[in-house]
Each structure stands twice: as C-alpha cells, then as structure tokens.
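Please look through the structure shown here before reading the questions and answers that follow it.

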Amino acid sequence: MTKIANMSKSTAARSAVDELVDQMRQLIGERGLTVGDQLPTEKELCEIFGASRNTVREAMRILKTYGVVEVRPKVGATIVDNRMSSAIEMFSFNVMNISLETFSDIQGFRGLLEVSSVEVLFDQITDEDISDLRRINSKLKEPSEINVASEHDFEFHTRLIRVLRNKAILDIYGLMKPVILRIMKNGKTPDTFKTATFEEHEGVISALESRDRLAYQYLMKSHLENGIVNFDTSENQ
C-alpha cells in the first residue's frame with residue numbers, strides 16, 4: 001500500500017510539473033517574449049501559478065533541457081533558442097550503439113535526401129557548388145586519422161545538401177551528424193577513405209558536372225549502399 005501511495009504521489013508531482021511547463025510556455029507566448037527577454041522571477045512564478053518553489057524549479061529545469069531558457073546567477077531565467085543543440089545532444093546520447101536496422105534506416109533516409117532529390121539538385125547546382133565539392137573531396141587524400149577523414153566525408157555530403165537551398169533539411173542533416181559519422185567510420189580505415197570513398201565521391205561529382213541524372217542516382221545510391229559491406233556489428237556491441 002505504501003509503495004502504491006508513493007507511486008501516486010510521484011505521478012501527481014510529475015503531472016504538476018508538466019502542467020506548469022505548459023503554463024510557462026503559454027505565458028511566454030501570451031507576453032510575446034522572445035530571445036533575450038527575461039521570465040518573471042522564481043517568486044513571481046510561484047505567485048502567478050500558485051505553485052511551490054520546488055515545482056517551479058523542476059519546470060524551469062525541463063525548459064532548460066528543451067533549450068528554451070537559460071538560468072544565470074543574479075540574472076534569472078532568460079529566453080534562448082538552443083532547441084537544435086539540445087536535440088543534437090539528446091540524439092547523440094541515444095545513438096551510442098548502431099544496429100544493422102538503424103544503419104539501414106539512416107542510409108535509406110539519406111537516400112531520400114541525396115538520391116531522390118536529383119531533380120532539385122540538378123536544377124539548382126552551380127559550377128561553384130561542383131568546385132566546392134571537388135575541393136572538399138580532395139581532403140580525403142590528405143594523411144589523417146579516421147575521425148578527421150569521416151569529418152571530411154560528412155562535410156562533402158553536407159555541402160551537397162546545401163545545394164537544395166533548404167535550411168530545414170540542412171538542420172535535420174546536422175542533427176543526424178553523430179550517427180552519420182559513426183556509420184561513415186564503421187568497418188573502415190583511413191585508407192578506405194583515401195581510396196574507395198574518394199573515388200566514389202569523384203564519380204558523383206563527375207555525374208553532377210556532366211548533368212547526367214541517371215548516372216548520379218546510380219552512383220550515389222551505390223555509394224550509400226556500399227557502407228553495408230563494411231558494416232561491422234562488433235563495433236556496436
């Protein structure tokens with residue numbers, strides 16, 4: 001009975017905090033508060049919502065985790081917009097281990113962005129874009145550790161995504177960086193990046209340069225799928 005009573009109290013406490021979080025977010029909207037504006041003080045929030053100090057503090061902690069507020073000593077709570085960086089941190093934490101299923105899902109999603117968007121890519125790509133892609137790809141030939149090589153690989157694909165001129169897509173791709181880097185490094189060596197990855201990128205660039213849509217789709221799809229050959233489950237245990 002005591003255990004059930006404790007669980008009920010815990011659930012009630014969480015519900016009170018969740019409700020207060022919603023009320024505080026509503027308050028931000030109603031008052032038109034934006035980045036840089038300050039929230040009412042802890043004492044004022046207690047009075048406004050009739051909540052305890054502990055409930056207000058817990059709600060504030062949740063808003064901070066969401067990247068909505070930042071609490072500073074002697075300053076109080078200030079509205080910020082760290083939602084993307086907070087999401088990246090949480091995403092990074094949840095992809096410490098990559099299963100074959102996750103690998104396939106992520107590569108499939110990348111295929112939607114980098115293969116299926118062929119018409120938009122070819123309509124918008126410029127000679128400057130192609131030059132940048134070739135410059136970035138040349139970095140793979142430089143002596144480097146696998147972590148650096150994977151960063152160059154990611155930079156190449158990010159630069160390609162930029163051709164779409166869509167900030168939302170670019171932000172999503174950036175959000176996926178931790179897991180994409182792990183996929184890029186999986187089962188590879190620095191020499192793999194210098195040879196196979198470099199050459200596959202060059203083929204993609206040549207197809208873009210010659211405006212050969214079919215060749216581009218085939219080469220990029222093959223490039224993304226080739227990673228399955230290198231997939232090493234022992235690295236993700």
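Contact here means heavy atoms within 4.5 Å. This is a predicted model, in which local features need pLDDT of at least 70 and side-chain atom pairs count only at pLDDT 80 or more, while totals for chains, interfaces and linings use all residues. Residues are numbered from 1 along each chain as its sequence is written, and side-chain values use heavy atoms, with hydrogens and water left out.

Q: Which helix gives the largest share of the largest nonpolar core?
A: A nonpolar core is a set of buried (under 20% relative accessible area, 1.4 Å probe, protein chains only) Ala, Val, Leu, Ile, Met, Phe, Trp, Tyr and Cys residues joined through side-chain atoms within 4.5 Å. The largest one has 32 residues, with Leu-133 and Ile-180 among those that have the most contacts inside it. Helices (DSSP runs of H or I, at least four residues, numbered from the N terminus) that give two or more residues to this core include H5 (100–114) and H10 (177–185). The largest share, five residues, comes from H10.

Q: Which residues does Leu-133 touch, not counting those up to four places away in sequence?
A: Leu-133 is one of the residues with the most contacts inside the largest nonpolar core. With those up to four places away in sequence left out, Leu-133 touches Ile-125, Phe-156, Arg-159, Leu-160, Ile-205 and Leu-208.

Q: Is Leu-112 buried or exposed?
A: Leu-112 has its place in helix H5. Exposed means over 50% relative accessible area, and Leu-112 has 54% relative accessibility, so Leu-112 counts as exposed.
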